[in-house]
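Hi everyone, thanks for making room for me today. I'd like to walk you through one model, so let me put it on the screen.

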Amino acid sequence: MKSRGLTKRNLLVAAAAVAALAVYILFCEYSGAMPRCPFKWVTELDCPGCGSQRALHSLLHGHPMDAWGYNLILPPVVIYLMALVLLPLWGDRRAERIHAALTSPAAIWSLLGVVMAWWVLRNLPFMAGIKF
Ligand SMILES: [Zn+2]
């Protein structure tokens, strides 16, 4: 029997919705409300998440191409995270299999590898002229 009311998943979805609403309303490139990345502040290099607030802001305002420009991996990561939240709500065997594949150790390690590769790649000198 499925539980109703305040489950961990419902709280997580509500927290994500509140965070998305805050980003939608508060954060924009020129508002000054965006905190500075501590890794970039210390090293002057981009971390994997640099530009993700602007990218999320662009996604929430319906500008996916701008989001790609700010952080190349944020849009697919958002899709991945949405799949993790929404697939269990689908409630059929196929969705369960896809969710199990997305949360398998191989998938998690692959995602971590992509993020680490992105971190190195975006800081290489030949990438300096490319916006993201
Ligand atoms: Zn950063």
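Let me start with a question: at what angle do helix 5 and helix 6 pack, and how far apart are their axes? The angle is about 145 degrees, and the axes are 8 Å apart. Here helix 5 covers residues 74-90 and helix 6 covers residues 93-102. The crossing of this pair is left-handed. On the helix 5 side, the contact uses Tyr80, Ala83, Leu84, Leu87, Pro88 and Trp90. Helix 6 answers with Ala95, Ile98, His99 and Leu102. Sorted by class, that contact of helix 5 with helix 6 has nine nonpolar residues, one polar and no charged.

Before going further, please keep in mind that this is a predicted model. The overall picture is quick to give. The protein chain has seven helices and zero strands, so to speak in pattern form, α-α-α-α-α-α-α along the sequence. Of its 132 residues, 14% are buried. And if you take the contacts in the protein chain with a separation of 6 or more, 41% of them join residues 24 or more positions apart.

Now to the element I'd like to spend most of my time on, helix 3. Eight of its nine residues are buried, so helix 3 is largely enclosed by the rest of the structure. Going along the helix, the buried ones are Ser52, Gln53, Arg54, Ala55, Leu56, His57, Ser58 and Leu59. And what covers them? The cover includes helix 1, helix 4 and helix 5.

Let's take helix 1 to begin with. Helix 1 runs over residues 8-26 and helix 3 over residues 52-60; their axes come within 9 Å and cross at roughly 90 degrees. The two helices are therefore roughly perpendicular to each other. From helix 1, Ala20, Val23 and Tyr24 take part, and they meet Gln53, Leu56, His57 and Leu60 in helix 3. By class, the residues of this contact are five nonpolar, two polar and no charged.

Next comes helix 5 again, this time against helix 3. Their axes come within 10 Å and cross at roughly 65 degrees. That makes helix 3 roughly perpendicular to helix 5 as well. The crossing of helix 3 and helix 5 is right-handed. Helix 3 brings Ser52, Ala55, Leu56 and Leu59, while helix 5 brings Leu74, Pro75 and Val78. This contact of helix 3 with helix 5 counts six nonpolar residues, one polar and no charged.

Which residues make up the largest nonpolar core? There are eight in all: Val23, Ala55, Leu56, Leu59, Ala67, Tyr70, Ile73 and Leu74. Helix 3 and helix 4, the latter at 64-70, are the elements that give two or more residues to this core. The largest share, three residues, comes from helix 3. As general background, nonpolar side chains tend to be buried together in soluble globular proteins.

Two residues of helix 3 are worth clicking on. Pick Ala55 and leave aside its neighbours within four places in sequence: Ala55 is then in contact with Ala67, Tyr70, Asn71 and Leu74. Then try Ser52, also found in helix 3. Is Ser52 buried or exposed? It is buried, because 20 other C-beta atoms lie within 10 Å, and 20 or more is the cut-off for buried. With the same neighbours set aside, Ser52 is in contact with Asn71 and Leu74. The C-alpha atoms of Ser52 and Leu74 are 6.2 Å apart in space, although the two residues are 22 apart in sequence.

I'll finish with the backbone, since some of you like looking at phi angles. Most residues other than glycine have a negative phi. Glu44 is not a glycine, yet Glu44 has a positive phi of about 65 degrees. You'll find Glu44 in the loop between helix 2, at 38-43, and helix 3. Glu44 is exposed, with 8 other C-beta atoms within 10 Å. On the other side, just after helix 3, Gly62 takes a positive phi of about 80 degrees.

That's my tour; thanks for listening, and please do come and look at the model with me.

Key:
Residues are numbered from 1 along each chain as its sequence is written. This is a predicted model: local features need pLDDT of at least 70, side-chain atom pairs count only at pLDDT 80 or more; totals for chains, interfaces and linings use all residues. Axes are lines fitted to C-alpha atoms, for helices over the stretch in contact, and angles run from 0 to 180 degrees between N-to-C directions. Helices (H or I, at least four residues) and strands (E, at least two) are DSSP runs, numbered from the N terminus. Angles under 35 degrees count as roughly parallel, over 145 as roughly antiparallel, 65 to 115 as roughly perpendicular and the rest as oblique. Two residues are in contact if their C-beta atoms, placed from the backbone, lie within 7 Å. Ala, Val, Leu, Ile, Met, Phe, Trp, Tyr, Cys and Pro count as nonpolar, Asp, Glu, Lys and Arg as charged, and the others, Gly among them, as polar. A nonpolar core is a set of buried Ala, Val, Leu, Ile, Met, Phe, Trp, Tyr and Cys residues joined through C-beta atoms within 7 Å. A residue is buried if 20 or more other C-beta atoms lie within 10 Å of its own, exposed if 12 or fewer, and partly exposed in between; C-beta atoms are placed from the backbone. A crossing is left-handed if the near helix is turned anticlockwise from the far one by less than a right angle, and right-handed if clockwise.
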